[in-house]
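Labels such as "buried" or "paired" should be earned. Here is a short round of questions that tests some of them.

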Amino acid sequence: TYNMNLDSYEDLLYSQQKTLKIMYGDAISSYSSIVTVSTEYIPDKFITGDFNHDGKIDIAYINIKNSSLSLIFAKNESEFYDEIVYLKRNGIADLIPFYSKFINGLAIISTTGELTFVTNLNSITNNINIIAGVEPSALNYFDKDNNGITDICYIDKYDKSLKLVTRDNGGIPSNYYSIRLNEFHDEIKTLNISQNLKSFYCYSEGGRLIEIIHID
């Protein structure tokens, strides 16, 4: 149970095959409003929380067979963005929401005892490691606003997509974009056409396809 839409009534959540069901509570406990959220894998365990601090309640879940962690961010009280597979670790066994003085997010543990925290990044320090996708095959950089702050682009073979991570004025990764590709590629080149228009060339040496993505 969790108050997903923050209306003072507890809602019921449960998983069913490759879906998550949300039955919204009301004043007469009818639970007549039901939202179905499709998932990439079967959720073996899921948790809720405002993981990106936008005032909306999100969902995170693990799938033990594929040893993956996924997040589903809320658009509004009853709609959700497409699932993002955040990472894959050998032997993922459990997850919990985790909050402390310095960490705000979630924690996962593996069968080998490895503990991983997934948190919001407040500053860039020397001991920070950023995971670029589940199976990155190519990595490059660009400057979204021509402001001297380098942004990140990479190809993730896991879901055959071009991923863009842009940073705010403090250098913190703040926005994430995913563009589906038609093929797997090993190389990515960038072209700065103007302050707002950027081009990304995705290809493989010896391949027969070059995909060009223009982004305004």
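The questions below concern a predicted model.

Q: Why is Ile109 called partly exposed?
A: Its relative accessibility is 37%. Buried means under 20% and exposed means over 50%. The value for Ile109 falls in between, so Ile109 counts as partly exposed.

Q: Where does Ile109 sit, and which residues make a nonpolar surface patch with Ile109?
A: Ile109 lies in strand E9, residues 104-110. Its patch partners are Leu115 and Phe117. The patch covers about 260 Å².

Q: What makes E13 and E14 a pair?
A: Pairing needs at least two bridges. Strand E13 (residues 161-167) and strand E14 (residues 173-180) have seven. They therefore count as paired, and the sense is antiparallel. Arg167 stands opposite Pro173 in E14.

Q: What lies between E13 and E14 in the hairpin?
A: Five residues separate the two strands. Gly171, in the turn, has a positive phi of about 85°.

Q: How do you know that Glu211 has no salt bridge?
A: A salt bridge needs a side-chain nitrogen of Lys or Arg within 4 Å of a carboxyl oxygen of Asp or Glu. The nearest side chain of opposite charge, Lys160, is 7.5 Å away from Glu211. That is beyond the cut-off, so no salt bridge is counted. Glu211 is nonetheless buried, and belongs to strand E17.

Q: What makes the link between Glu211 and Glu183 a polar contact?
A: The side chain of Glu211 reaches the backbone nitrogen of Glu183 at 3.0 Å. The limit is 3.5 Å, so the distance qualifies.

Conventions: Residues numbered from 1 in each chain as written. Predicted model: local features only at pLDDT ≥ 70, side-chain atom pairs only at ≥ 80, totals over all residues. Heavy atoms only, no water. Patch = residues over 30% accessible without salt bridge, like charges linked within 9 Å, V, L, I, M, F, W, Y side chains within 5 Å. Areas by Shrake-Rupley, 256 points an atom, 1.4 Å probe, with all protein chains shown as cover. Helix = DSSP H or I, 4+ residues; strand = E, 2+ residues; numbered from the N terminus. Buried < 20%, exposed > 50% of the residue type's maximum accessible area, 1.4 Å probe, protein only. Lys, Arg positive; Asp, Glu negative; His and termini not counted. Polar contact = N/O pair within 3.5 Å; in protein donor to acceptor, adjacent residues only side chain to side chain.
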